[in-house]
Amino acid sequence: MSDYPENYRYTKEHEWVAVDGDTATVGITFHAQKELGDIVYVDLPRAGTRVEAGKSLGSVESVKAVSEIYSPVTGEVVEINADLADGPEKLNEDPHGTAWLVKIRLADMGEVETLLTLEDYQAYIEG
Amino acid sequence: MSELLKTPLNAAHRALGARMVDFGGWDMPVQYTGIIDEHNAVRTAAGLFDVSHMGELEVLGPQALDLVNYVTTNDASKLETGQVHYSGLMYETGCFVDDILVHKVADDRYFLCVNASNQDKDFAHFVEHNRFDCTVTNLGPKLAQIAVQGPKAIGILQKLTKTDLSSIKYYWFADGEVSGEPARIAHTGYTGEDGFEIYIAPDQAEARWNELLEAGEEFGLKPCGLGARNTLRLEAGMALYGHEIDASITPLEANLGWIVKLAKGEFLGSAVLQKQKAEGVRRKLIGFEMRGRGIGRDGYEIRVDGEAAGWVTSGGPSPTLNRNIGFGYLPAEKAQVGAAIEVVVRNQGVEAAVIPTPFYKRAK
């Protein structure tokens with residue numbers, strides 16, 4: 001469960017990005033959910049929302065606190081993971097898989113290349 | 001930046017893999033396995049808490065009762081030896097210095113359990129108003145405190161003591177032993193469940209902690225952090241200093257009229273409280289539950305009829321009730337149970353309703 005896929009890209013804000021064609025699937029990392037603890041609420045933008053890299057994408061709340069999620073990329077939200085509204089705890093169980101947050105149609109395909117590789121991210125969290 | 005204070009159980013927490021946080025200057029465990037898991041353990045079985053950061057004061061002298069009664073709201077003359085009550089430590093303004101537990105040890109000796117981050121201020125407050133020739137001692141550094149809470153707490157603690165726990169009534173205490181070492185065993189708690197709080201010597205803390213964990217294993221006892229302590233007390237409708245109560249809030253506003261005994265005679269703040277009682281409070285602590293999607297958190301604005309009306313003092317998910325609950329202040333005329341309110345979450349008003357507290361009450 002704590003396996004970090006090698007083909008994902010990562011951010012210092014502990015999001016991951018998986019690119020398929022012109023669409024990026026975005027989630028939070030195993031490390032992020034572990035730091036947060038029991039996740040009880042997820043707030044995501046509607047499909048159709050324009051998001052910008054580094055700006056707020058929504059929030060994740062644990063029992064104790066609210067954490068902002070920052071969009072790793074710029075583009076348009078094309079789909080949100082509807083399962084999380086009633087099952088936010090899935091973010092603790094399968095953060096790199098079924099508990100993805102949103103899919104974003106990329107405005108700039110090259111932007112993903114600027115994100116951290118798995119190796120960079122692991123070095124960062126073990127820092 | 002000064003170094004964080006540590007309880008005698010610091011190493012034990014780290015060995016258990018606890019996540020540690022800075023809690024008012026103390027390096028404390030916020031959780032071990034997870035807040036919800038720990039919360040549920042206390043509701044259904046038992047939880048073990050290190051609350052050694054809490055402060056303890058002792059008031060000693062022939063006029064000990066006079067000093068205690070002068071600085072606090074409840075009437076300590078009603079306590080029998082071995083009895084405990086909840087009380088408010090007051091300023092002249094009728095607002096809280098702290099909320100405390102008063103234990104009557106003897107006619108001339110009272111033992112007070114106070115909040116960790118207030119202990120120095122509380123001690124100074126007792127000393128400042130000590131015109132009763134009492135000896136006030138800060139026992140904080142000389143005591144560790146461990147809480148065993150939950151329906152199985154009595155069975156677990158009884159395994160380690162010959163003191164008959166069933167003979168200690170709720171909000172009473174006994175000076176006995178645990179594992180043969182002296183312990184003040186109080187039938188008190190901050191979780192809304194049955195349970196005990198034991199005061200022991202710091203050098204005994206780690207041994208007692210480990211023995212309790214072992215004794216509790218067959219009962220489903222779990223070590224619990226401050227995260228669960230907070231969700232448990234919130235469900236149980238108990239105030240937390242710095243949130244529901246502070247130096248700008250009176251007990252009457254905080255729905256704690258039951259600890260204000262005006263009939264006992266003059267005490268710090270009694271004139272203000274007398275007047276407030278006669279005229280009625282302008283603002284009042286309410287309990288709410290979220291009806292729309294969102295969680296009200298400490299500091300969030302509360303709106304009534306679209307207008308800013310108050311603020312949230314504590315809020316979060318209730319693991320037992322599976323709802324999002326909280327406390328907040330509202331103008332008294334808007335504080336009726338059932339009233340529709342909005343809590344402003346991320347710049348958006350989310351529907352909520354004023355509901356009765358406590359949110360959770362254990363079956364007797």
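This passage describes part of chain B in a predicted model, from its strands and turns to its contact with chain A.

Confidence comes first. The model scores ipTM 0.83 and pTM 0.94. For chain B the mean pLDDT is 97, and 99% of the residues in chain B reach 70 or more. As a general caution, predicted coordinates should not be read in detail where pLDDT is low.

A convenient place to start is strand 15 of chain B, which covers residues 301–304. Strand 15 of chain B runs antiparallel to strand 16 (residues 307–318) of chain B, and four bridges join the two. Strand 15 of chain B also pairs with strand 18 (residues 340–345) of chain B, again in the antiparallel sense, over two bridges. B:Ile302 illustrates both pairings: B:Ile302 stands opposite B:Gly310 in strand 16 of chain B, and B:Ile302 stands opposite B:Val343 in strand 18 of chain B.

The connection between strand 15 and strand 16 of chain B deserves a look of its own. These two strands form a hairpin with two residues between them. B:Asp305 lies in the loop between strand 15 and strand 16 of chain B, and its phi is near 50°, a positive value in a residue other than glycine. Most residues other than glycine have a negative phi. B:Asp305 counts as exposed because 9 C-beta neighbours lie inside 10 Å, and the cut-off for exposure is 12 or fewer.

A positive phi also appears at B:Asn322, where the value is about 55° although the residue is not a glycine. B:Asn322 is found in the loop between strand 16 and strand 17 (323–331) of chain B. With 8 other C-beta atoms within 10 Å, B:Asn322 is exposed.

Further along the chain, attention turns to a peptide bond. The bond from B:Thr357 to B:Pro358 is cis, with omega near 0°, whereas most peptide bonds are trans. B:Pro358 sits in the segment after strand 19 (348–355) of chain B.

Finally, there is the contact between the chains. Chain B contributes eleven residues to the contact and chain A contributes ten residues. On the side of chain B that touches chain A, helix 2 (35–44), helix 7 (226–235) and strand 16 of chain B each supply at least two residues. The residues on that side of chain B divide into four nonpolar, five polar and two charged. Strand 16 of chain B thus appears in two settings here: strand 16 is joined to strand 15 of chain B by four bridges, and strand 16 supplies at least two residues of the side that touches chain A.

Note on methods: Residues numbered from 1 in each chain as written. Chains lettered and ligands numbered in written order. Predicted model: local features only at pLDDT ≥ 70, side-chain atom pairs only at ≥ 80, totals over all residues. pLDDT = per-residue confidence, 0-100. Pairing = 2+ DSSP bridges. Buried ≥ 20, exposed ≤ 12 C-beta atoms within 10 Å, placed from the backbone. Contact = placed C-beta atoms within 7 Å. Nonpolar A, V, L, I, M, F, W, Y, C, P; charged D, E, K, R; others polar.
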